[in-house]
Amino acid sequence: MKKGILLSGIVCCWLFLMAQLAYATTWAFPFVVWSDSIYVVTDEVVTNVEKKIGNVTSYSDMEQFGGNFSNMYPKGTAYYAIEGIVVTEAIAVEHEKGSYIKAVYESPYEYRGSVLNIAKIAFIAIMIAIMSFVIYYILPKFRNS
């Protein structure tokens, strides 16, 4: 009986602590990521687009993702080259059907998702170690009393 109550308490604490592993990001500006580069979305309308060069593969206004990620546009939003401008300077984003807006190159995009994954794995390993310690060293003392 005591073992079940203690084990239930440990599991509840573990679930509570796991829920605390929520990460959020605050963005300084609306952007799109294409070809490992971050482009700041402007208000400038573009009318002279060329070929399609890609599209948004992940959207979030809270988390960071790899690939062609955006904090403004939904998955599937198309990117286009702009006539007369090299893609390393600016690209066009399909803002609405047939309407394009300019996104200007800001910097290389550095995806830090792996750091968060390592932190989660380390946290889980620590929790397993604590639970193992409790099960093998603390619980036998309760059984003997």
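With which side chain does the side chain of Gln-64 make a polar contact? In this predicted model, the partner is the side chain of Tyr-109, at 3.4 Å. The side chain of Gln-64 also reaches the backbone oxygen of Glu-110, at a distance of 2.9 Å. Gln-64 itself is placed in the loop that runs between strand S4 (58-59) and strand S5 (69-70). Despite this loop position, Gln-64 is buried, its relative accessible area being 17%.

The protein chain contains two helices and eight strands. Their order along the sequence is α-β-β-β-β-β-β-β-β-α. Of the 145 residues in the protein chain, 28% are buried. The accessible surface amounts to about 9,500 Å², and carbon and sulfur atoms account for 61% of this area. When contacts between residues at least 6 apart in sequence are considered, 59% of them join residues at least 24 apart.

The largest nonpolar core is built from 11 residues. Its members are Val-32, Trp-34, Tyr-39, Val-41, Val-56, Tyr-73, Tyr-79, Ile-91, Val-93, Ile-101 and Ala-103. Two or more of these residues come from each of strand S1 (31-34), S2, strand S7 (90-96) and S8. A further core, apart from this one, has seven residues, including Tyr-80, Ile-82, Ala-90 and Tyr-100.

Within the largest core, Trp-34 and Tyr-79 are both members, and the two residues are in contact with each other. With neighbours within four places in sequence set aside, the other contacts of Trp-34 are with Tyr-39, Ile-53, Gly-54, Asn-68, Val-87 and Ile-91. Of these, Tyr-39 and Ile-91 also belong to the largest core.

Tyr-79 is located in strand S6 (residues 78-82) and is buried, with a relative accessibility of 0%. A polar atom of the Tyr-79 side chain lies 3.1 Å from the backbone oxygen of Val-33. Along the chain, Tyr-79 and Val-33 are 46 residues apart, and their C-alpha atoms are separated by 9.8 Å.

After S1, the chain enters the loop between S1 and S2, where Ser-35 is found and where Asp-36 also has its place. Both residues have positive phi values: that of Ser-35 is near 50°, and that of Asp-36 is near 60°. Most residues other than glycine have a negative phi. The two residues fall into separate accessibility classes, Ser-35 being partly exposed at 46% relative accessibility and Asp-36 being exposed at 59%.

One salt bridge is found in the whole structure. It is formed by Lys-102 and Glu-44, whose closest N and O atoms are 3.7 Å apart. Lys-102 belongs to strand S8 (residues 99-108) and Glu-44 to strand S2 (residues 37-46), so the pair ties together parts that are 58 residues apart in sequence. Lys-102 counts as buried, with a relative accessibility of 15%, whereas Glu-44 counts as partly exposed, at 43%. Strands S2 and S8 are also among the elements that contribute two or more residues to the largest nonpolar core.

Tyr-59 lies in strand S4 and is partly exposed, its relative accessibility being 39%. Not counting residues up to four places away in sequence, Tyr-59 touches Phe-65, Phe-69, Ser-70, Asn-71, Met-72, Tyr-73, Pro-74 and Lys-75. One of these residues, Tyr-73, is a member of the largest nonpolar core. Another, Pro-74, is 15 residues from Tyr-59 along the chain, with 5.5 Å between the two C-alpha atoms.

A nonpolar patch on the surface is formed by Phe-133, Ile-135, Tyr-136 and Tyr-137. Together these four residues have about 470 Å² of accessible area. Phe-133 is located in helix H2 (residues 113-144). With a relative accessible area of 45%, Phe-133 is partly exposed.

How values were computed. Residues numbered from 1 in each chain as written. Predicted model: local features only at pLDDT ≥ 70, side-chain atom pairs only at ≥ 80, totals over all residues. Heavy atoms only, no water. Helix = DSSP H or I, 4+ residues; strand = E, 2+ residues; numbered from the N terminus. Buried < 20%, exposed > 50% of the residue type's maximum accessible area, 1.4 Å probe, protein only. Contact = heavy atoms within 4.5 Å. Areas by Shrake-Rupley, 256 points an atom, 1.4 Å probe, with all protein chains shown as cover. Salt bridge = Lys/Arg side-chain N within 4 Å of Asp/Glu carboxyl O. Polar contact = N/O pair within 3.5 Å; in protein donor to acceptor, adjacent residues only side chain to side chain. Patch = residues over 30% accessible without salt bridge, like charges linked within 9 Å, V, L, I, M, F, W, Y side chains within 5 Å. Core = buried A, V, L, I, M, F, W, Y, C linked by side-chain atoms within 4.5 Å.
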